[in-house]
Amino acid sequence: MISGEMPYRQYADNNCALFAVLHAIERGERPGEPTLDNAEKEYLWEICHACWETDPAKRLQAADAIKRIGDLRAQIGLVTVRSFFFSPIDAGASHKKCKP
């Protein structure tokens, strides 16, 4: 969303990409910080980090994240966000082979 690159792209070639990404998240792995070329992207990155906080008491609530993003949009005008999707998992592949 911020960098234009697929998050966790290092797992894209893995036949079990979804499981590999879920396991990475469970281990606390987060996407690397992208090159940020403006204050708006830096602000969005800060929101991402606040949402990833492992302590629920410190984690940014969804409603607060939506408000912050809405405030940013209002401040700079409508922001177009490109969506990036993971490739669908092959329905014929057996997820039993996938081990975290």
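**Helices, cores and pairs in a predicted model**

Let me begin just after helix 3, where Gly-77 takes a positive phi of about 95 degrees. I should say at once that this is a predicted model, and every value I quote today is computed from it.

Staying with helix 3, we can ask how its length compares with what its residue count would suggest. With 15 residues at 1.5 Å a residue, helix 3 should span 21 Å, and its end C-alpha atoms do lie 21 Å apart, so the two values agree. This helix, which covers residues 62-76, also carries a salt bridge, and that brings me to the charged pairs.

How many salt bridges does the structure hold? There are three of them. In the one on helix 3, the side chains of Lys-67 and Asp-71 meet at 2.9 Å, taken from N to O. These two residues are four apart in the helix, which means that about one helical turn separates Lys-67 from Asp-71. As a general point, an α-helix has 3.6 residues a turn, so residues three or four places apart point the same way. Asp-71 itself is partly exposed, with a relative accessible area of 40%.

A second salt bridge joins the side chains of Asp-37 and Lys-41, with an N to O distance of 3.3 Å. The two partners fall into separate classes of exposure: Asp-37 is exposed, at 57% relative accessible area, whereas Lys-41 is partly exposed, at 24%. The remaining bridge is between Glu-29 and Arg-27, whose side chains meet at 2.9 Å from N to O, and here Glu-29 is partly exposed, with a relative accessible area of 23%.

Turning from charged to nonpolar side chains, the largest nonpolar core has nine residues in all, namely Ile-2, Leu-36, Leu-44, Trp-45, Ile-47, Cys-48, Leu-60, Ala-65 and Leu-72. Which elements give two or more residues to this core? They are helix 2, residues 39-51, and helix 3. Helix 2 provides the largest share, which is four residues. Apart from this core lies another, of five residues, and among them are Tyr-8, Tyr-11, Ala-20 and Val-21. More generally, in soluble globular proteins, nonpolar side chains tend to be buried together.

Two members of the largest core deserve a closer look, and I will take Trp-45 before Cys-48. The count of aromatic pairs comes to one. That pair is Trp-45 with Trp-52, and the geometry is edge-to-face, with 5.6 Å from centre to centre and 85 degrees between the planes. Of the two rings, Trp-45 belongs to a buried residue, with a relative accessible area of 9%, while Trp-52 is partly exposed, at 25%.

As for Cys-48, one may ask why this residue is in no disulfide with Cys-51. The sulfur of Cys-48 is 6.7 Å from the one in Cys-51, which is the closest cysteine sulfur, and that is too far for a bond, because a disulfide requires the two sulfur atoms to lie within 2.5 Å. Cys-51 is likewise in no disulfide, and a search of the whole structure finds zero of them. The accessibilities of the two cysteines fall on either side of the class boundary, since Cys-48 counts as buried at 18%, whereas Cys-51 is partly exposed at 31%.

To close, then, I would keep in view the three salt bridges and the nine-residue core to which helix 2 gives the largest share.

Terms used: Residues numbered from 1 in each chain as written. Predicted model: local features only at pLDDT ≥ 70, side-chain atom pairs only at ≥ 80, totals over all residues. Heavy atoms only, no water. Salt bridge = Lys/Arg side-chain N within 4 Å of Asp/Glu carboxyl O. Buried < 20%, exposed > 50% of the residue type's maximum accessible area, 1.4 Å probe, protein only. Core = buried A, V, L, I, M, F, W, Y, C linked by side-chain atoms within 4.5 Å. Phe/Tyr/Trp six-rings, centres within 6.5 Å; stacked < 30°, edge-to-face > 60°. Expected span 1.5 Å × (residues − 1).
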